[in-house]
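Reader: I'd like to go through this one with you, piece by piece. Can we settle the ground rules as we go?

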Amino acid sequence: MNALDAALWLAARGFSVFPADHPGLERCAGVGRNHDPGTCQDRGKHPAVAFTRTHSTDPEQLRRWFNSTPRNIGVAVGACRGSDGARLLVVDSDRPAALEETAASHGHRHTPTMRVTTAKGHHDYYWVPASMRLGNGLGALRGKFDGDVRAGNAYVIAAGSVHATGVLYELDDPERPPAKAPGWLLTALQSPPEHSPVVAAPCGSRAGGRLVGLIRFVLQSQAGERNNRLYWAARRAFEQQAGPDANVASALLEAATQAGLTEGEARQTITSAYRSRAAR
Ligand SMILES: [Zn+2]
């Protein structure tokens, strides 16, 4: 299936899509204030439009986007609605069977659903009740699931796209629509992480005031600049610390997932910011 056919297939099923970078292009087609297309190292994943506002299910629009230049397909997760206004949740497993193992560790079987095979694992698409507001945080699954979740102000690269390694994103079974998310999963995502220190910025102190400013800076990031802003803020935050501070890292992680990064991405960026500081 080519990208246009795949986009039309998704749109016909209520998934609002947008064009993203294609790894075959010479330069990244991604947009964003702090994103440099010339030096981008994460090809095939970046939205080519401001996806939180610009996404569509209109076949004419999709033809304009996907008929000429090579584009990958992004699904605007927060814009998709199932029956009764259900919201979309995509569980991104970093390896095959990661979600199956997490389900088993909670005493449940994995709930089969619309599944896309990715370069590393799977994307499982689930519907979540309309009243439930999830983000990109893993909740109680933090440290217990090899992957990430996407909900709300977030996107995933869809079936019909090409990964930078050349692997195709493919539907396992085109006949299978998203299932309702299982209760154990929703409960876990809405529960606080275990052993995670409560974020308590020492308000009133000068360092606390600076941390709050840095957190706000991360919260206000747009797609395409989130990693850069998080990295910058983490460097500044760690410069003020004598040693690794779990509270600071945890506050940055919360802000970054609220801004739309996944926990995996955010943790990687915070860790490299800490290492670069430690290396000096
Ligand atoms: Zn890019």
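Author: Sure: axes are lines fitted to C-alpha atoms, for helices over the stretch in contact, and angles run from 0 to 180 degrees between N-to-C directions. Contact puts two C-beta atoms, placed from the backbone, within 7 Å. Helices (H or I, at least four residues) and strands (E, at least two) are DSSP runs, numbered from the N terminus. This is a predicted model, where local features need pLDDT of at least 70, side-chain atom pairs count only at pLDDT 80 or more, and totals for chains, interfaces and linings use all residues. Residues are numbered from 1 along each chain as its sequence is written.

Reader: At about what angle to β2 does α1 run?

Author: α1 lies across β1 and β2. Its angle to β2 is about 15 degrees.

Reader: In what order do the three strands of the open sheet come?

Author: Strands pair if DSSP finds at least two bridges between them. β1 and β7 (155-157) are the edges, each pairing on one side only. The pairing is antiparallel, and the order is β1-β2-β7.

Reader: Is β6 largely enclosed or not, and how many of its residues are buried?

Author: Buried means 20 or more other C-beta atoms within 10 Å of a residue's own, exposed 12 or fewer, partly exposed in between, with C-beta atoms placed from the backbone. Gly 147, Val 149 and Ala 151 point one way, Asp 148 and Arg 150 the other, and all are buried. So β6 (residues 147-151) is largely enclosed by the rest of the structure, with the buried count at five of the five.

Reader: Which residue stands opposite Gly 147?

Author: β3 (residues 87-93) pairs with β6 in the antiparallel sense over five bridges. Opposite Gly 147 stands Ser 93.
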